[in-house]
Amino acid sequence: MNYVFDTSATAVLLETCGLGQALQAFGQTADLIAPNRVKAEYMNGARPGRDLETFERVFKTVDVAVASELLPYFNFDSECGEINVISYALRNSESCCVIDEGFGRRICALFGLRLTGSIGIIKELCRHRLISEEERRSIRRRLRQSSFYISKELLHEV
Amino acid sequence: MSAITDYGLETPSRAFLVLALCLDDRKGRKSADILHIQKIIRYFEYLRQKREIDYSNFKLGQVSYELEESLRTLQESGLVTNVGTNFQLTDDGRMAAEELKPVTSADDLRKLAFAKQQLNDLSRDELLFFMYKLIPESQVNSTEAPRLMNRSRELVEALYRKEVISAAMAAKWLEMPESDFLTSLSKKR
């Protein structure tokens with residue numbers, strides 16, 4: 001099994017939740033993949049918490065050829081992270097997409113792809129005992145105060 | 001005896017109407033009003049990148065007289081009925097849909113279902129705005145586009161929250177960085 005990460009999930013896990021170390025440990029049991037387009041998006045913008053060093057320690061970056069059948073769903077924008085994540089998963093049946101946004105999740109469901117989100121990854125880290133119950137509570141607090149948009153439903157799941 | 005040949009359902013516009021009305025939207029409803037039916041089938045054709053139905057740019061964006069005429073024919077044939085402003089299949093219509101499904105490609109059915117789930121519960125303004133942005137040339141003769149473009153911010157946010165568009169599309173339509181769009185949404189949480 002490998003996980004292929006979208007940009008907002010990456011930012012939530014690394015910046016908002018500060019889970020770089022736990023993810024690195026999780027990477028011993030599963031491949032954590034980020035398309036190069038996701039890396040470029042992650043580095044873009046003016047967020048103070050972005051951390052390329054940790055990003056590179058945690059994720060294996062890959063070049064992805066965008067699947068043409070996905071283009072109409074994304075209004076023919078091949079540059080966004082999600083289309084790259086889903087394209088990768090379409091060609092690699094062992095992959096699980098890590099996407100938080102509702103629209104991207106709908107496309108994954110439409111194409112029958114494995115899917116989780118940053119909350120699912122946090123749960124996996126708990127399951128592997130890579131974060132404690134106390135850390136989990138602190139993560140929930142940080143997610144609530146985050147400047148990133150996370151739906152109420154997802155917040156409830158932590 | 002076959003409903004497909006009896007009612008001329010080999011014609012794409014009739015077949016897509018019957019199929020569109022047999023599929024569930026996100027709330028489990030099958031019925032739809034004329035504007036939503038028009039846009040669902042146009043979005044479906046956009047997704048499959050294959051045009052089999054004539055659409056023209058009119059006051060409400062791209063609409064098809066061919067579809068309207070086919071809908072009338074289906075009503076007269078007793079396959080479709082209206083309840084208020086919504087149209088729905090009759091028992092005969094549902095049987096015709098069951099005949100159509102196996103002769104329609106799985107990919108087309110999947111795309112049509114997706115189009116209905118994405119669009120059928122949108123408000124009229126959200127629906128028109130989405131289609132104008134998706135197919136910019138459909139704004140040409142529109143009487144509604146200027147009014148809706150003035151409400152871009154509100155409508156884009158609604159479409160994003162309803163999971164009809166991605167943050168990347170939302171940001172592009174609002175001409176702002178994606179991270180700024182997401183940050184602005186979190187402040188309204």
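Guide: Before we look at any strand, take one cut-off with you: a residue is buried if 20 or more other C-beta atoms lie within 10 Å of its own. Please also keep in mind that this is a predicted model.

Visitor: With that in hand, which residues of strand S4 (residues 95–98) of chain A point one way and which the other way?

Guide: The general idea is that in a regular strand the side chains alternate between the two faces of the sheet. In S4 of chain A, A:Ser95 and A:Cys97 point one way while A:Cys96 and A:Val98 point the other way, and all of them are buried.

Visitor: In which sense does S4(A) pair with strand S1 (residues 2–5) of chain A, parallel or antiparallel?

Guide: Strands of a sheet pair through backbone hydrogen bonds, either parallel or antiparallel. Here S1(A) and S4(A) pair in the parallel sense over four bridges, with A:Asn2 standing opposite A:Ser95. S4(A) also pairs in the parallel sense with strand S5 (residues 114–116) of chain A, over three bridges, and there A:Cys97 has A:Leu115 as its bridge partner. Between S4(A) and S5(A) the chain passes through H6(A), and this β-α-β crossover is right-handed.

Visitor: Does chain B hold a sheet to compare, and what is the order of its strands?

Guide: Chain B has an open sheet of three strands in the order S1-S5-S4, with antiparallel pairing. Its edge strands are S1 (32–33) and S4 (80–83), each of which pairs on one side only. Two bridges join S1(B) to strand S5 (residues 86–89) of chain B, and B:Asp33 has B:Asn86 as its bridge partner. Helix H2 of chain B lies across S1, S4 and S5 of that chain, running at about 95 degrees to S5(B).

Visitor: How many residues has the largest nonpolar core, and which have the most contacts inside it?

Guide: In soluble globular proteins, nonpolar side chains tend to be buried together. The largest nonpolar core here has 102 residues, and those with the most contacts inside it are A:Phe5, A:Cys97, B:Val18, B:Leu19 and B:Ala20. Helix H2 (residues 12–22) of chain B gives the largest share of this core, eight residues. Leaving aside residues up to four places away in sequence, A:Phe5 touches several others, among them A:Leu32, A:Phe59 and A:Val98.

Visitor: Finally, how many residues does each chain bring to the contact between them?

Guide: Chain A brings 20 residues and chain B brings 21 residues. On the side of chain A, the largest share, five residues, comes from helix H6 (residues 102–110), and the residues on that side divide into eight nonpolar, seven polar and five charged.

Key:
Residues are numbered from 1 along each chain as its sequence is written. Chains are lettered from A and ligands numbered from 1 in the order in which they are written. This is a predicted model: local features need pLDDT of at least 70, side-chain atom pairs count only at pLDDT 80 or more; totals for chains, interfaces and linings use all residues. Two residues are in contact if their C-beta atoms, placed from the backbone, lie within 7 Å. Ala, Val, Leu, Ile, Met, Phe, Trp, Tyr, Cys and Pro count as nonpolar, Asp, Glu, Lys and Arg as charged, and the others, Gly among them, as polar. A residue is buried if 20 or more other C-beta atoms lie within 10 Å of its own, exposed if 12 or fewer, and partly exposed in between; C-beta atoms are placed from the backbone. Two strands pair if DSSP finds at least two bridges between them. A crossover is right-handed if, with the strands pointing away from the viewer, the path from the first strand over the helix to the second runs clockwise. A nonpolar core is a set of buried Ala, Val, Leu, Ile, Met, Phe, Trp, Tyr and Cys residues joined through C-beta atoms within 7 Å. Axes are lines fitted to C-alpha atoms, for helices over the stretch in contact, and angles run from 0 to 180 degrees between N-to-C directions.
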